[in-house]
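Biologist: I have a structure open and would like to go through it piece by piece. Can you put it up on your side too?

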Amino acid sequence: MALCAATLCASATIRYVSPSGDNSNDGKSWETAKATIGDAVSASSSGDEVYVAAGTYKETVSVKDGVHIRGGYNPATGTRDIDNFQSI
């Protein structure tokens with residue numbers, strides 16, 4: 001018999017951030033991306049990931065344990081290329 005705690009079996013959420021985003025969005029796709037990394041992190045829980053599109057983000061971010069932040073995404077294609085799409 002397999003038992004599953006809600007926190008262990010829940011799927012991780014990916015939140016998206018783009019300079020053209022809006023913090024009133026849910027951040028669950030490039031089309032509904034948030035504008036700031038901090039807002040995406042605040043909406044995230046341990047195990048979630050934050051994908052950051054290329055751009056310059058002028059903010060101070062408090063990182064949560066277990067939330068992974070990954071930059072270098074091209075929001076037009078969803079591909080990650082940290083050399084050509086830098087997130088600063």
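Modeller: First the vocabulary: helices (H or I, at least four residues) and strands (E, at least two) are DSSP runs, numbered from the N terminus. This is a predicted model, in which local features need pLDDT of at least 70, side-chain atom pairs count only at pLDDT 80 or more, and totals for chains, interfaces and linings use all residues. Residues are numbered from 1 along each chain as its sequence is written, and side-chain values use heavy atoms, with hydrogens and water left out.

Biologist: Fine. Where does Ser 18 lie?

Modeller: Ser 18 is in the loop that runs between strand 1 (14-17) and helix 2 (37-42).

Biologist: Does Ser 18 count as buried or exposed, and why?

Modeller: Buried means under 20% relative accessible area, exposed over 50%, and partly exposed in between (1.4 Å probe, protein chains only). Ser 18 has 5% relative accessibility, so it counts as buried.

Biologist: What does Ser 18 touch?

Modeller: Contact means heavy atoms within 4.5 Å. Leaving out residues up to four places away in sequence, Ser 18 touches Ala 33, Lys 34, Ala 35, Ala 53 and Tyr 57.

Biologist: Another one from that loop: what about Asn 25, which is also between strand 1 and helix 2?

Modeller: Asn 25 counts as partly exposed, because its relative accessibility is 24%. With residues up to four places away in sequence not counted, Asn 25 touches Glu 31, Thr 32, Ala 33 and Lys 34. The side chain of Asn 25 also reaches the backbone oxygen of Ala 33 at 3.1 Å. That is a polar contact, meaning a pair of N or O atoms within 3.5 Å; within protein, one must be able to donate a hydrogen and the other to accept it, and residues adjacent in sequence count only if both atoms are side-chain atoms.

Biologist: Zooming out, how many helices and strands does the protein chain have?

Modeller: The protein chain has two helices and four strands. Along the sequence the pattern is α-β-α-β-β-β.

Biologist: And in what order do the strands sit in the sheet?

Modeller: The four strands form an open sheet in the order 1-2-3-4, with mixed pairing. Strand 1 and strand 4 (79-80) are at the edges with a single partner strand each, so one side of each has no neighbour in the sheet. Two strands pair if DSSP finds at least two bridges between them.

Biologist: Which way do the pairs run?

Modeller: Strand 1 pairs with strand 2 (residues 49-53) in the parallel sense over four bridges, and Tyr 16 stands opposite Tyr 51 there. Strand 2 and strand 3 are parallel too, over four bridges, with His 68 in strand 3 as the bridge partner of Glu 49. Strand 3 and strand 4 run antiparallel and are joined by two bridges; Asn 74 stands opposite Thr 79 in strand 4.

Biologist: What is special about Gly 78 in the hairpin of strand 3 and strand 4?

Modeller: Gly 78 takes a positive phi near 80 degrees, in a hairpin that has four residues between the strands.

Biologist: New topic. Which residues have the most contacts inside the largest nonpolar core?

Modeller: A nonpolar core is a set of buried Ala, Val, Leu, Ile, Met, Phe, Trp, Tyr and Cys residues joined through side-chain atoms within 4.5 Å. The largest has 14 residues, and those with the most contacts inside it are Val 17, Trp 30, Ile 37, Val 50, Val 52 and Tyr 57. Strand 1, helix 2 and strand 2 are the elements that give two or more residues to this core. Strand 2 gives the most, with four residues.

Biologist: What does Ile 37 touch?

Modeller: Not counting residues up to four places away in sequence, Ile 37 touches Val 17, Val 52, Tyr 57, Glu 59, Val 61 and Ile 69. Val 61, in the loop between strand 2 and strand 3 (68-74), is partly exposed with a relative accessible area of 27%.

Biologist: Last thing, which elements have the lowest and the highest mean pLDDT?

Modeller: pLDDT is the predictor's confidence in each residue, from 0 to 100. Helix 1 (residues 6-9) has the lowest mean, 49, and helix 2 the highest, 98. Over residues 3-7 the pLDDT is below 50, and beyond near neighbours in sequence this stretch has one contact in the model. Where pLDDT is low, the predicted coordinates should not be read in detail. For the protein chain the mean pLDDT is 90, and 89% of its residues reach 70 or more.
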